[in-house]
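Visitor: Hello! I would like a close look at one part of this structure, and I would be glad if you could then set that part in its wider context.

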Amino acid sequence: MNSLGRILEFGYYSILLYSIFNSILNKEKKKSIEEASAAIFSDDLMVEIVSWLPVKYVMQLRCVNKFFNTLVFDPHFIQMHLSKSTQNLQLSFTSFENNSADFTKSEDWDSRWITLSIPDLLLQNTVTISHLSDSYYRLSRSPHYRWVIGSCNGLLCVYGNSWPDQYLYFWNPAMRKESKRIPLFFDIYINRNFDFSFGYDNSTQTYKVVAFYVELNSDSNPKSVVKVFSLGDNSWRDVQCLPLVPLYCLLGINDFHNEGMHFNGTINWFALDDINLDRSAAALDRCVILSLDLSTETYTKLLLPRGLDKVPAGYPPNLVVLMDCLGFCHDFDKTHFVIWQMKDFGVQESWLQLFKISYENFARENLLPLYLSENGDTLVLGNDRHREAFIYNCRDNKVEKIKIADRTNWELGNYYVESLVSTD
């Protein structure tokens with residue numbers, strides 16, 4: 001957001017806050033503050049006004065009176081505020097910075113959690129990075145390491161490693177609140193084929209973490225251990241083992257990129273339909289999407305569109321969520337980048353090929369869709385090997401590189417909105 005935009009935004013919220021404070025404090029001294037606020041604004045109008053404020057301003061209102069202090073924790077208001085926050089969608093990433101001249105020393109690298117405004121990215125003039133200079137948002141510094149593994153409704157799920165302890169926790173950056181640490185039930189350095197996924201169970205309105213590891217043995221079928229942790233619980237619960245093995249486990253690819261894709265109360269992975277197939281030449285038409293319903297905690301196989309080509313070595317397909325639909329992207333013959341979208345979740349006939357983009361516009365492979373505008377005209381793409389990002393104009397086939405000086409890890413990106421969702 002440019003300077004003028006930030007000034008106007010600050011002025012808008014200042015006027016709202018001034019109206020609230022003025023309505024309360026300028027009443028007759030004989031009346032209590034609660035009576036004064038009720039005399040000017042009805043409760044419903046007061047709640048409506050406050051629901052439009054950013055989280056930091058809502059939190060500041062807690063010290064005004066009991067009404068606001070209670071409002072912040074009201075489940076109905078939290079949902080009301082979230083519905084408005086989703087109109088200000090952001091992309092969040094991990095940014096890396098080296099503190100010495102020797103770039104080979106991992107202990108000299110810092111990482112921090114940052115956000116980018118999607119409107120800023122699309123405007124393509126000056127991109128403002130939030131939280132870059134605030135030490136609170138630092139994720140890792142040797143010997144303590146943390147990775148954001150998922151984002152949902154303003155709540156982040158984070159993996160932490162302070163040797164020998166490994167754990168997860170929930171984090172609301174806007175409220176600056178963290179949950180207690182959740183110990184893991186396995187060691188990621190021993191069980192290398194693992195995954196953490198974070199999502200929301202719509203039926204019970206519960207945030208859940210799905211974690212698993214897979215044991216791959218040449219002389220026996222793969223074995224998996226899958227557990228679920230629900231926000232508010234104190235322990236992991238066993239769920240049904242994976243009926244299929246995720247594709248990235250079979251290909252030996254796991255760089256802590258979150259492979260499980262959350263979509264509308266489900267977690268989804270690419271999987272090979274037959275474990276006995278040649279993994280190095282696995283055709284896309286022999287792959288399926290393995291979908292775990294967070295409500296029933298049962299699995300479903302979703303079929304891909306017919307007539308797909310082979311999975312390229314070293315670059316398997318990726319699941320994505322674009323325009324509120326589940327989709328996936330893959331390389332085509334090392335000349336084009338293809339994006340598919342499932343318009344009706346679970347229905348094979350609803351697959352639609354959105355884009356087939358030539359690499360000549362990007363000069364490099366390994367692209368990952370980050371965002372697609374509502375009108376479908378503008379696509380934000382990241383390069384997961386070279387830490388670059390691009391704006392692709394679908395109408396005129398024009399490409400612009402996003403100019404950001406820091407080392408942003410685009411493949412660890414998540415959608416993010418501010419919220420008042422509790423970490424407890």
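The visitor's request and one connected answer follow.

Visitor: Could you take me through the salt bridges around strand β13: which residues pair up with Asp-238 and Arg-237, and where do the partners lie?

Guide: Happy to! Please keep in mind that this is a predicted model. A search of the whole structure finds 8 salt bridges, and two of them involve the residues you ask about, so let us start there.Asp-238 pairs with Lys-227, and their closest N and O atoms are 2.5 Å apart. Asp-238 sits in strand β13 (residues 237–238) and Lys-227 in strand β12 (residues 223–230), so this bridge ties together parts that are 11 residues apart in sequence. The two ends have their own surroundings: Asp-238 is exposed, with a relative accessible area of 58%, whereas Lys-227 counts as buried at 16%.

Next comes the neighbour in the strand. Arg-237 forms a salt bridge with Glu-297, with 2.6 Å between the closest N and O atoms. Arg-237 lies in strand β13, while Glu-297 belongs to the loop between β16 (287–293) and β17 (298–303), so this pair links parts that are 60 residues apart in sequence. Arg-237 is partly exposed, at a relative accessible area of 31%, and Glu-297 is buried, at 16%. Arg-237 and Glu-297 also belong to a network, in which salt bridges that share partners join them with Asp-201 and Lys-208. Within that network, Lys-208 bridges to Asp-201, and the closest N and O atoms are 3.1 Å apart. Both Lys-208 and Asp-201 are buried.

From β16, we can step to another polar pair. The side chain of Asn-268 makes a polar contact of 2.8 Å with the side chain of Ser-291. Asn-268 lies in strand β15 (residues 266–272), and it counts as buried because its relative accessibility is 0%. Leaving aside residues up to four places away in sequence, Asn-268 touches several others, including Met-261, Phe-263, Ile-289, Leu-302, Leu-319 and Phe-345.

Now for the nonpolar side of the picture. The largest nonpolar core has 52 residues, and Leu-168, Phe-170, Phe-196 and Leu-420 have the most contacts inside it. Leu-168 touches Trp-236 and Val-209, among others, when residues up to four places away in sequence are not counted. A second, separate core has 38 residues, among them Tyr-299, Leu-302, Met-342 and Trp-351.

Finally, here is the wider setting. The chain has 8 helices and 26 strands, and buried residues make up 52% of its 424 residues. Among contacts with a separation of 6 or more, 51% join residues 24 or more positions apart. The chain exposes about 20800 Å², with carbon and sulfur atoms supplying 49% of that area.

Note on methods
Residues are numbered from 1 along each chain as its sequence is written. This is a predicted model: local features need pLDDT of at least 70, side-chain atom pairs count only at pLDDT 80 or more; totals for chains, interfaces and linings use all residues. Side-chain values use heavy atoms; hydrogens and water are left out. A nonpolar core is a set of buried Ala, Val, Leu, Ile, Met, Phe, Trp, Tyr and Cys residues joined through side-chain atoms within 4.5 Å. Buried means under 20% relative accessible area, exposed over 50%, partly exposed in between (1.4 Å probe, protein chains only). Contact means heavy atoms within 4.5 Å. Helices (H or I, at least four residues) and strands (E, at least two) are DSSP runs, numbered from the N terminus. Accessible areas come from the Shrake-Rupley method with a 1.4 Å probe; for residues, only the protein chains shown count as cover. A polar contact is a pair of N or O atoms within 3.5 Å; within protein, one must be able to donate a hydrogen and the other to accept it, and residues adjacent in sequence count only if both atoms are side-chain atoms. A salt bridge is a side-chain nitrogen of Lys or Arg within 4 Å of a carboxyl oxygen of Asp or Glu.
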